Amino acid sequence: MYPSNKKKKVWREEKERLLKMTIEERRKEYIRDYVPLNTIPSWKEEMKGKSQNDEENTQEPSQGKKSLSEKVSLYRGDITLLEVDAIVNAGEVRRHEYPSLCNFGGCI
């Protein structure tokens with residue numbers, strides 16, 4: 001077996017092992033502190049805390065669909081501590097697709 005095939009096999013075995021674990025079992029394997037996603041309020045929850053009188057925040061989503069403000073959260077801190085499976089930076093892709101959005105070497 002070639003070295004790259006062996007690495008793929010080991011990776012697949014580890015992936016299967018992790019997928020079979022419960023969240024409590026996975027947390028025992030963490031080597032440092034973590035931030036569970038359920039502790040980060042959604043944008044809607046954040047705004048409710050700041051303004052109880054905002055009419056938009058008190059409306060129920062129509063047809064059982066979640067509004068964007070219920071799906072989006074803002075997090076300020078070390079993103080490597082978030083309890084997620086992957087962190088992806090798509091900024092480089094967007095910079096090449098939409099160069100007009102980038103000014104002074106930075107992308108918005």
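From the N terminus on, the protein chain shown above runs α-α-α-α-α-α-β-β. That is a secondary structure of six helices and two strands. Please keep in mind throughout that this is a predicted model.

Two overall figures may serve as background. Of the 108 residues in the protein chain, 10% are buried. As for the contacts in the protein chain between residues at least 6 apart in sequence, 59% join residues at least 24 apart.

I turn now to the charged side chains. Side chains of opposite charge can pair when their charged atoms come close. In this structure there are five salt bridges, and I shall discuss three of them.

I begin with Arg17 and Glu14, whose side chains form a salt bridge at 2.8 Å, N to O. Both residues belong to helix 1, which spans residues 3-20, and they are three residues apart, about one turn of the helix. Is Arg17 buried, exposed or partly exposed? Its relative accessibility is 33%, so Arg17 is classed as partly exposed. The partner, Glu14, has a relative accessible area of 35% and is likewise partly exposed.

Arg17 also meets a second carboxylate. A salt bridge joins its side chain to that of Glu29, at 2.9 Å, N to O. Here the two partners come from separate elements: Glu29 lies in helix 2, residues 23-29, and Arg17 in helix 1, so this pair ties together parts that are twelve residues apart in sequence. Glu29 has a relative accessibility of 40% and therefore counts as partly exposed. Taken together, Glu14, Arg17 and Glu29 are linked in a network of salt bridges.

The next salt bridge is the one between the side chains of Arg27 and Glu83, at 2.9 Å, N to O. Which parts of the chain does this pair tie together? Arg27 lies in helix 2, whereas Glu83 lies in the loop between helix 5 (68-71) and helix 6 (91-97), so the parts joined are 56 residues apart in sequence. The two ends of this bridge fall into separate accessibility classes. Arg27, with a relative accessible area of 30%, is partly exposed. Glu83, by contrast, counts as buried because its relative accessibility of 16% is under the 20% cut-off.

Glu83 leads us to the pockets. The largest pocket has a volume of about 410 Å³. Its lining consists of 19 residues, and those nearest its centre are Arg26, Tyr30, Leu82, Glu83 and Val84. Helix 1 and helix 2 each contribute at least two residues to this lining. What is the make-up of the lining in nonpolar, polar and charged residues? The lining of the largest pocket divides into ten nonpolar residues, one polar and eight charged.

Tyr30, named a moment ago among the residues nearest the centre of the largest pocket, also takes part in an aromatic pair. The count for the structure comes to one aromatic pair. The ring centres of Tyr30 and Tyr34 are 5.0 Å apart and the ring planes stand at 70 degrees, so the pair is edge-to-face; the angle is over the 60 degrees that this class requires. With 30% relative accessibility, Tyr30 is partly exposed. Tyr34 is partly exposed too, at a relative accessible area of 32%.

Finally, I would draw attention to helix 5 and helix 3. Ser69 has its place in helix 5. Is Ser69 buried or exposed? The relative accessible area of Ser69 is 18%, so this residue is buried. Which residues does Ser69 contact, once its neighbours within four places in sequence are left aside? They are Ser42, Trp43 and Lys44. Helix 3 comprises residues 43-50, and Glu46 is found there. Glu46 has a relative accessible area of 34%, which means that this residue is partly exposed. From Glu46 to Glu70 the separation is 24 residues in sequence and 9.9 Å in space, C-alpha to C-alpha.

To summarise, the points I would leave with you are the network of salt bridges that links Glu14, Arg17 and Glu29, the salt bridge between Arg27 and Glu83, and the edge-to-face pair of Tyr30 and Tyr34. Glu83 and Tyr30 are also among the residues nearest the centre of the largest pocket. Thank you for your attention.

Technical notes:
Residues numbered from 1 in each chain as written. Predicted model: local features only at pLDDT ≥ 70, side-chain atom pairs only at ≥ 80, totals over all residues. Heavy atoms only, no water. Phe/Tyr/Trp six-rings, centres within 6.5 Å; stacked < 30°, edge-to-face > 60°. Buried < 20%, exposed > 50% of the residue type's maximum accessible area, 1.4 Å probe, protein only. Salt bridge = Lys/Arg side-chain N within 4 Å of Asp/Glu carboxyl O. Helix = DSSP H or I, 4+ residues; strand = E, 2+ residues; numbered from the N terminus. 1 Å grid on protein atoms, 1.4 Å probe; cavity = no way out; pocket = protein on both sides within 12 Å on 5 of 7 lines; lining within 4 Å. Points joined across faces, edges and corners; volume = space filled by probe spheres on them. Nonpolar A, V, L, I, M, F, W, Y, C, P; charged D, E, K, R; others polar. Contact = heavy atoms within 4.5 Å.
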